[in-house]
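Visitor: Hey, I've got a structure open and I'd like to talk through its charged side chains. Can you help me out?

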Amino acid sequence: MRQTIVDLRKKKLVSFVFPGIFTINKFYIIYSIMDNYEASQNFINKLYSLEYGYNQEHLIVYDNRKIEVEWWDAGKCAEKFSLNEVEGVRELKKYSLNYLIIDKELNRSLGIKDIVEKIDCIENFFTNVPKHINLILSFIKELDSFNELKEIKGQTIELEQIKIKYIQFVNEYFSEENQERFIKLMGNEFIGSFQN
């Protein structure tokens with residue numbers, strides 16, 4: 001009987017495609033499995049849901065009308081600007097690479113901080129960063145445009161230059177090529193969660 005279940009699971013997993021569009025309930029399940037499933041025991045030791053204190057974090061494109069970003073420097077908000085100039089920015093909010101499932105309190109503390117500041121806050125919050133979060137943050141940190149943003153932290157730069165660099169980051173992150181890479185990476189990692 002157990003072998004039949006294992007075989008069935010393998011067949012279903014082969015056809016799994018990581019969703020490119022975010023839906024909260026689907027991702028509560030996907031990320032609960034990726035982060036907390038113990039294949040050898042066929043057990044999920046923690047489930048993500050609102051009732052257990054987890055919700056969605058809009059990581060790059062925020063869920064506010066003005067789509068604003070706060071550029072943080074020296075522990076405080078130094079500047080604020082809008083991403084409305086990014087072509088199709090409102091559409092980018094729906095993509096799965098724009099979201100994490102995180103602790104509600106951490107989510108509240110992140111607000112609309114810039115991505116460099118958010119990553120620092122997230123990494124400092126966790127003793128062991130959950131797998132889906134670590135994968136997404138690592139994916140971001142590989143981008144040249146992200147590293148350019150990191151380099152200008154602490155420098156005296158005009159707001160317009162910060163905004164230009166930030167928009168370059170958003171465009172690179174949400175490029176069609178990176179969306180495809182992200183979906184493949186996350187799909188492979190999800191399937192890998194079921195390996196003993």
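Visitor: What does Lys118 form a salt bridge with?
Guide: With Glu57, and the closest N and O atoms are 2.3 Å apart. Keep in mind that this is a predicted model. The pair links distant parts of the chain: Lys118 sits in helix 5 and Glu57 in strand 3, 61 residues apart.

Visitor: Is Lys118 buried or exposed?
Guide: Lys118 is buried, and Glu57 is too.

Visitor: OK, how many salt bridges does the count come to?
Guide: The count comes to 10. One of them joins Lys163 and Glu85, with 2.6 Å between the closest N and O atoms. Lys163 is in helix 8, while Glu85 is in the loop between strand 5 and helix 3, 78 residues apart.

Visitor: And Glu85, buried or exposed?
Guide: Exposed, with a relative accessible area of 55%. Lys163 is buried, at 12%.

Visitor: What about Asp114 and Lys153?
Guide: Their side chains meet in a salt bridge, 2.7 Å from N to O. Both residues lie in loops, so the pair ties together parts that are 39 residues apart in sequence. Asp114 is buried at 0% relative accessibility, and Lys153 is buried at 19%.

Visitor: Switching topic: why does Glu70 have no salt bridge?
Guide: The nearest side chain of opposite charge, Lys80, is 4.1 Å away, and a salt bridge has to be within 4 Å, so the pair doesn't count. Glu70 is buried all the same.

Visitor: So what does its side chain join up with?
Guide: The side chains of Glu70 and Trp72 share a polar contact of 3.0 Å. Glu70, in strand 4, is also in contact with residues farther along the sequence, including Cys77, Ile112 and Asp114.

Terms used:
Residues numbered from 1 in each chain as written. Predicted model: local features only at pLDDT ≥ 70, side-chain atom pairs only at ≥ 80, totals over all residues. Heavy atoms only, no water. Helix = DSSP H or I, 4+ residues; strand = E, 2+ residues; numbered from the N terminus. Buried < 20%, exposed > 50% of the residue type's maximum accessible area, 1.4 Å probe, protein only. Lys, Arg positive; Asp, Glu negative; His and termini not counted. Polar contact = N/O pair within 3.5 Å; in protein donor to acceptor, adjacent residues only side chain to side chain. Contact = heavy atoms within 4.5 Å. Lists of a residue's contacts leave out its neighbours within four places in sequence.
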